[in-house]
Amino acid sequence: MDCEISEKASMDRHAPQPTSSIPATENTVWADASPLLEAACRELRDGELIHGENFNLFAAMSALEIMDPKMDSGIISRYCSVDEAIEDGAAPIPISFDKTTDVQCTIDIMDYLLACEATWHKGHSLAQTVFSCIYLLRPERTASHTLLDSFCKVIRATCKAVVSVVSDARTHEEEDLFIMAYGLPLNVHGDDKCLSLLNAVEENISRQLRACKAPSSKRKVLEDIEPLQANPDLEEGYCKALLCRIRFRKHFFHVLTCMKRPQGRGMELARKHIATCISELESIYKSAEFLLSNASGTCEDGMEDRTTASGCQPVGFDTSLNCRISAPTPPRSIKLLSWIKAIEYFEKLLQDLDLICSFMLDPSLEVLLHFLVQFQKSQPDLVARAHLQLLLVQDGKLYGRDPIFSVITRAAGLPEAAKNHDIQKNEYIIQLGQLVINMLKILCTNAAWQRRKLGKILQDWRVIYVQLELAFTKEYREVSNNSNNESASVRIFKQILVWIEEQTYWIAHRFLILGFELDLYAPGEYCMVYWYLYVILIKLSEKTQIKMSAADGTAKRKGKKRKDSPKDLARESRIPPAVLFLQCQMYLAEGLTVLLAALKNELMILQSPSPFNSEHERFIQHFELLQKACIPDHVSYPSFKESTAYARFSTIVVYNYFKDAQKIAKEIKSSFSNDPDRLAELRKLELVAEHNSVALNVICQVGALDPSLKVSLEFIHHPCFATAIVKRS
């Protein structure tokens with residue numbers, strides 16, 4: 001193999017005479033690099049790379065493989081420029097001199113753009129999807145075609161609005177191609193008037209539809225209205241197909257505009273437009289039968305893969321053009337979503353946006369966090385999550401109206417007057433507010449990014465707790481010593497510290513749960529995961545109860561002082577339902593831990609020895625971020641081994657943790673009768689507890705006596721708490 005090196009370097013290394021037939025230039029010579037490569041191959045072990053001073057791993061990953069159509073854009077491009085493509089007839093205007101064909105082709109362009117837009121939302125570049133349309137790249141070309149021109153204008157305006165939302169939310173790092181415009185014409189003069197033009201086109205087509213549906217006695221009055229195309233039998237079908245596509249575009253643009261209004265003021269109106277969009281999508285889907293039966297071009301093979309309703313390939317598109325005219329565009333080959341998949345994507349997007357718009361802008365952080373967790377279960381895509389983030393955080397405030405310190409004091413159970421306390425000027429309280437904002441933004445990212453970032457900010461929450469604790473000790477020690485009663489500042493500091501601890505453990509709990517959602521744990525690792533989850537839940541329930549007790553004490557001090565009656569004392573001694581809800585999960589995690597440990601210790605099943613790493617190394621891999629933040633303190637792999645080493649069925653059957661979990665789930669159902677999400681979660685937890693209790697009894701009775709007994713774990717009742725399945729092989 002030959003490689004080109006500098007002449008100076010060649011002389012320094014006493015390079016041999018050139019062996020290549022390619023002539024040397026003034027600045028270069030050729031040297032045979034084969035011996036060097038052969039020596040490197042002999043020395044390199046599996047997984048090792050050569051690292052040159054001026055050629056690192058990033059450069060290697062960015063290198064082009066010449067003649068590979070996925071890497072070398074030049075090999076698949078038919079044209080050198082958009083103008084050459086137009087000269088070759090790639091984007092004709094008019095599209096066809098036959099009116100029926102012109103309408104059909106226009107609808108095909110609309111459908112193909114829908115598939116392109118959905119593919120772009122899924123992470124492909126704007127240049128190779130939506131702006132593979134030549135009509136979008138040359139706005140002046142469509143001026144004489146009113147219908148296509150107005151549609152292209154609203155497409156460009158929509159893309160600009162979506163790019164703006166995702167860019168402002170800074171969620172584009174998940175899909176780094178998403179907001180890259182590559183100099184494409186997103187800001188064309190006149191696009192801001194797209195809605196007025198689209199309304200005019202819609203009104204014109206509506207008149208044409210009324211004319212073709214009018215009875216014969218009234219048609220004379222409407223004879224001055226020019227039909228869309230020449231065939232009267234097809235006029236109604238084409239008018240309806242165009243109208244539903246135009247109306248969808250118009251209302252979808254309204255949705256994006258309304259949702260960007262500050263402080264959530266456009267949410268109610270956005271919901272109305274969303275409902276119309278979903279209705280128009282249904283009409284678009286129904287129009288496929290008519291368009292397919294009247295298709296005039298060559299149809300694509302396979303109903304599921306077609307990119308238009310008619311199945312015909314649209315005119316005016318070339319995915320390879322922008323690879324040549326836009327240098328930064330990644331030269332990769334992409335596969336568009338089908339037209340049906342694109343409709344399904346937009347239906348899902350609109351449903352997610354409707355969920356966002358239906359959320360009452362509650363200043364309670366607990367309610368908001370619960371909503372975010374529930375919302376993420378639907379696996380929303382990037383655009384919906386960007387809108388959610390912009391709604392939550394505006395100008396450093398929650399929903400753009402509630403100061404973060406006010407949100408913190410409410411979450412910590414402090415009285416309303418505390419939100420105006422001077423303590424909010426403390427530098428660490430200001431940093432705490434920024435941590436809350438960052439946490440909300442993180443909870444709007446996808447599950448993988450969310451887990452990684454939550455693990456990293458745990459250390460920040462731990463540090464801010466230590467800093468505030470030191471500041472509290474330094475500033476208020478003298479006040480506490482010289483006064484019998486706590487000052488308001490001391491109480492605020494104490495309750496905020498308790499809340500920070502509770503929130504830290506909530507983040508740790510979310511971090512572990514996301515591992516189940518992402519399938520990061522192997523069956524042989526469930527024992528350590530449930531053990532760690534159990535430890536976190538102990539702390540979380542403890543801190544939650546302390547916070548709620550402190551909040552109750554504050555409310556009691558605010559009210560009139562009176563002698564406590566036995567009923568009041570009994571009421572205060574009860575554990576709050578929110579804490580019992582956590583304890584139900586805690587008993588389930590503990591029960592699964594000891595069950596799996598006993599299976600491992602006595603029956604030697606549900607083990608997964610790895611040739612690549614030890615159990616200790618896997619413990620570190622899963623919980624390293626928690627360990628670095630010391631969450632909780634004094635928790636390590638040796639403590640896990642010590643806790644599970646002596647688990648035996650003879651001992652765990654005496655105290656069945658699953659029965660306790662089942663009992664709690666039944667008792668607190670009535671407390672969450674107005675919360676359907678929590679109620680559904682309790683039912684799932686109850687099912688897991690019930691089935692695992694039965695499985696534990698079966699294993700204890702016949703497990704040691706029946707070697708054919710097989711135990712497996714399945715997530716049939718709950719996505720995170722496994723159900724033990726006992727069978728004979």
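1. In which hand does α7 pass α16? The crossing of α7 past α16 is left-handed, meaning the near helix is turned anticlockwise from the far one by less than a right angle. Keep in mind that this is a predicted model, where local features need pLDDT of at least 70, side-chain atom pairs count only at pLDDT 80 or more, and totals for chains, interfaces and linings use all residues. Residues are numbered from 1 along each chain as its sequence is written, and side-chain values use heavy atoms, with hydrogens and water left out.

2. On that helix pair: α7 (residues 146–169) and α16 (residues 382–392) pack at about 60°, with axes 9 Å apart. Helices are DSSP runs of H or I, at least four residues, and strands are runs of E, at least two. Axes are lines fitted to C-alpha atoms over the stretch in contact, with angles from 0 to 180 degrees between N-to-C directions. The two helices are therefore oblique (not under 35, over 145 or 65 to 115 degrees).

3. Then the sheet: three strands, open, antiparallel, in the order β3-β4-β5. β3 (393–394) and β5 (402–403) are the edges, each pairing on one side only. Pairing takes at least two DSSP bridges; β3 and β4 (residues 397–398) have two, and Q394 sits opposite K397.

4. Last, the largest cavity (a set of 1 Å grid points where a 1.4 Å probe fits but cannot get out; lining residues have an atom within 4 Å of a point). Its lining is M110, D111, L114, F151, R245, F248, R249 and I284. Helices α5 (99–121) and α10 (232–259) each supply at least two of the lining residues.

Technical notes:
On a 1 Å grid over the protein atoms alone, a cavity is a set of points where a 1.4 Å probe fits but cannot get out, and a pocket is an open set with protein on both sides within 12 Å along at least five of seven lines; lining residues have an atom within 4 Å of a point.
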